[in-house]
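Grab a pencil and keep the 3D view open. Each exercise below gives you a task, and then we work through the solution together.

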Amino acid sequence: MKRWICPLMALALWGCSAPEGLTEVSIGEPYAAKVDSVLRLMTLDEKIGQLNQYTGNFQATGPVVDDTTKIDQIKRGMVGSMLNIKGVANTRELQEYAMQSRLKIPLLFGLDVIHGMRTIYPIPLGEAASFDLDLMRRTAAGAAREAAAQGVHWTFAPMMDVSRDARWGRVMEGSGEDTWYGSLVAQARVKGFQGDDLADVETVMACAKHFAAYGACIAGKDYNAVDISDLTLHEVYLPPFKAAVDAGVASFMNSFNEINGIPSTGNRHIQRDLLKGAWGFNGLTVSDWGSIGEMIAHGFVPDLKGAAEAAILAGCDMDMESRAYVSNLKALVEEGKVPERYIDDAVRRVLLKKFQLGLFDDPFRYCDLEREARTVLCDSLRALSREAGRKSIVLLKNENNALPLAGFRGRIALIGSLAASKIDMRGFWANEGVIDEMVTVREGFERRFGARSVIYADGYDLETNELKLPEAMRAAAQADVVVVAVGERYFNSGEAKSRADINIPATHQQLVRELKRSGKRVIVLLMGGRPMIFNEMAPAADAILLTWWLGTEAGNAIADVVAGDYNPSGKLPMTFPAHVGQIPIYYNYKSTGRPESKDRGYSCCYQDIDFEPAYPFGYGLSYTTFEIGEPVLAKQTWKRGEDVEVTVRVKNTGRYAGRETVQLYVRDLVASVTRPVKELRGFRQVYLEPGEETEVRFTLGDAELGFHNAALEYVVEPGTFRVMVGPDSKRVKSAEFELL
Ligand code: GLC
């Protein structure tokens, strides 16, 4: 018997969304009266002003319009928010201008604090490799502390776009390919940024972005169209956003892309029927940079006035940088095309956040120079960055005990310009991090092993990748071990950084092969912001550490792992393809009627390459070894509503203490819609000394066993389920149970 959990979901079919109309924001006390007391005083111009957001000139994160009237508009109450303003002095100055307006409504300052403010943490995709939700909450909290100390009220993070396409440069901002894990990470980061109370001056508003399905852009091309089924939208791309609402996220940012012909910014279904309707979201929605105006280029509206009408009616509350609202909404209201109650609802949402942040009590409460001085780049945040760096590193290969260099007394040839590049350690979306404050690998190694033990050589030109072989080979000849840094540049991933070819530079791979001819151990540090392909290099490497872009403490964190001070524990949050032609490639694929098979034949395979990835989702080695036992079920048959209990024994069978992430996957073998061959539905991190053994326990309930059926209802269906446990998504041991 089919049972559904979320009745309102049933309304969420495109064709039969909730009745047209406005789901007014529900504001509880004590704010409802306060918000309405201000709203009643506002003119239509002043209301529209609250929905208008401009960028400052500190940095441009989109196409900048030359506009010298912003300050005057702020003084006239025609600006509700500014982005890209940072620092107590700058935010105070603009807030002073806002206090000159008739109603003295304070400005909201937003900024892309994606992985740190001044102290930079690993890029989010790298940090997701830690599989440490508490760590991700703590780094978000650290970033919020630093941002709030610099006058910022609102971060445009966390980005929670699931993506299965490594060609898309923005995979670096998210938490990878898995929806269930991505939902947990989204909640951890929202709670980190916002804490328990937005009135706490060490917290900031978070922003769930980019709503929705931005990561499904066709061919991995940024901003490209998205054409997916309703089922895929609800099964794969929406859940992290729903999880963010459940975690109390203060705001949403809609996305540049269209979904099945409707640009997200003008998409009433996802913004009103789902987000503000079925999900009951009472925060504010902001467009992405200029995305209201970009609906003209989409071919969805004829002009900026049409764009303003489409966006406000669809539920986009605030206009980032397209000037559509401030130049058209008044006329649209006066012409009766936009009922003023739509404006009022959007303004209520904005005013509510300003009240919750305490800005009406004190518009300058985030402008504390002394707090700014004592918080920015403080030791505790640097230590946190180093911890996050260590835990984000993934050991992809380690043969002949190449690593760790524990107790190493010899000389290290450290080769590769990336090992000496400060700007690259920041990664993309780290504009607030001061380049000189980044610790390079060279600095980290010299500090950890002694400057006299490190022989550095460029190996290749950082800008041109042209090989500089002689110097590198000389360094290798003088050393006992070779460590070589290869990969992408920081600007090869991020926004508008899609790439058709995700191989790392051929010269980098050639360098590794040549260095191997030196006869020394070759340890590779692989740097980048996305899954990369490096097939030519891999066989020559004795060890490969994926180090992403780790931020301020990068060099120290990498030295800690190479020296064995920290045993690497990272696991891949995204599949690493063996060939770009495999993309999109992900672990939770469908079986099909002719499942992939090694002999290919009539099966779901390529004729010319293998179907296996280079490294699967969830993969990551350790300096020690772990033995994960069979999954044990408390019983074979379970009733609906019972928590299915699964236990697994784990033993450290190696020479080093270490952390293992035991993963549990589930497959619903027969269902009313086909289900993936496996889906991550649990993970437990255990830290074990050599020889130590423990048991981990998983419980599976509706949230782990259910799915959206063809009618988009969330259901749990009876039948046989397979549970699979292991150290990654490939090496698993299975058991089955019946759900009645
Ligand atoms: C950018 C990005 C978005 C960011 C915004 C403000 O274009 O798409 O993620 O928050 O503009 O910088």
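Here come six exercises, going from the whole chain down to single residues.

Before you start, know that this is a predicted model, where local features need pLDDT of at least 70 and side-chain atom pairs count only at pLDDT 80 or more, while totals for chains, interfaces and linings use all residues. Residues are numbered from 1 along each chain as its sequence is written, and side-chain values use heavy atoms, with hydrogens and water left out.

**Exercise 1. The whole chain**

Task: Describe the overall build of the protein chain, beginning with how many helices and strands there are.

Step 1. Count the elements: there are 22 helices and 27 strands. Helices (H or I, at least four residues) and strands (E, at least two) are DSSP runs, numbered from the N terminus.

Step 2. Check the radius of gyration, which is taken over C-alpha atoms; the globule rule is 2.2 Å times the number of residues to the power 0.38. The chain comes out at 26 Å, close to the 27 Å the rule gives for 740 residues, so it is as compact as a globular protein of that length.

Step 3. Look at the extents: the C-alpha trace covers about 80 × 65 × 45 Å along its principal axes.

Step 4. Ask how much is tucked away. Buried means under 20% relative accessible area, exposed over 50%, and partly exposed in between (1.4 Å probe, protein chains only). Of the 740 residues, 62% count as buried.

Step 5. Turn to contacts, meaning heavy atoms within 4.5 Å. Take the contacts between residues at least 6 apart in sequence: 78% of them join residues at least 24 apart.

**Exercise 2. Hunting for disulfides**

Task: How many disulfides does a search of the whole structure find? Then look at Cys604 and Cys605 and explain why their sulfurs are not bonded to each other.

Step 1. Recall the idea: a disulfide is a covalent bond between the sulfur atoms of two cysteines. Here the test is a pair of cysteine sulfur atoms within 2.5 Å.

Step 2. The search of the whole structure turns up zero.

Step 3. For Cys604, the closest cysteine sulfur belongs to Cys605, and at 6.3 Å that is too far for a bond. Starting from Cys605 leads back to Cys604.

Step 4. Add the surroundings: Cys604 is partly exposed at 43% relative accessibility, and Cys605 is partly exposed at 23%.

**Exercise 3. Unusual backbone spots**

Task: Find where the cis peptide bonds at Lys209–His210 and Ile583–Pro584 sit, then do likewise for the positive phi values of Phe131 and Asn400.

Step 1. Know the background: most residues other than glycine have a negative phi, and most peptide bonds are trans.

Step 2. The bond between Lys209 and His210 is cis, with omega about 0 degrees; His210 belongs to strand β5 (residues 207-211).

Step 3. The bond between Ile583 and Pro584 is cis, with omega about 5 degrees. Pro584 is in the loop between α21 (554-562) and β17 (626-628).

Step 4. Phe131 has phi near 50 degrees, in the loop between α5 (124-128) and α6 (133-149). Phe131 is buried, at 1% relative accessibility.

Step 5. Asn400 has phi of about 55 degrees, in the loop between β11 (394-398) and β12 (412-415). Asn400 is exposed, at 61%.

**Exercise 4. A serine in a loop**

Task: Is Ser322 buried or exposed, and which residues does Ser322 contact?

Step 1. Locate Ser322 in the loop between β10 (319-320) and α13 (324-334).

Step 2. Its relative accessibility is 12%, so Ser322 counts as buried.

Step 3. Skip neighbours within four places in sequence, and Ser322 touches Gly290, Ile292, Gly293 and Leu304.

**Exercise 5. Helix α21**

Task: Work out why α21 is described as largely enclosed.

Step 1. Nine of the nine residues of α21 are buried, so the rest of the structure largely encloses this helix.

Step 2. Among the elements covering these residues are α16 (379-392), α18 (441-449) and β15 (521-527).

Step 3. Just past α21, Gly564 has a positive phi of about 85 degrees.

**Exercise 6. Zooming in on Gly555**

Task: How far apart are Gly555 and Val439 in sequence and in space?

Step 1. Gly555 is part of helix α21 and is buried, with a relative accessible area of 0%.

Step 2. Gly555 and Val439 are 116 residues apart in sequence and 5.0 Å apart in space, C-alpha to C-alpha.

Step 3. Leaving aside neighbours within four places in sequence, the contacts of Gly555 are Val439, Thr440, Val441 and Gly444.
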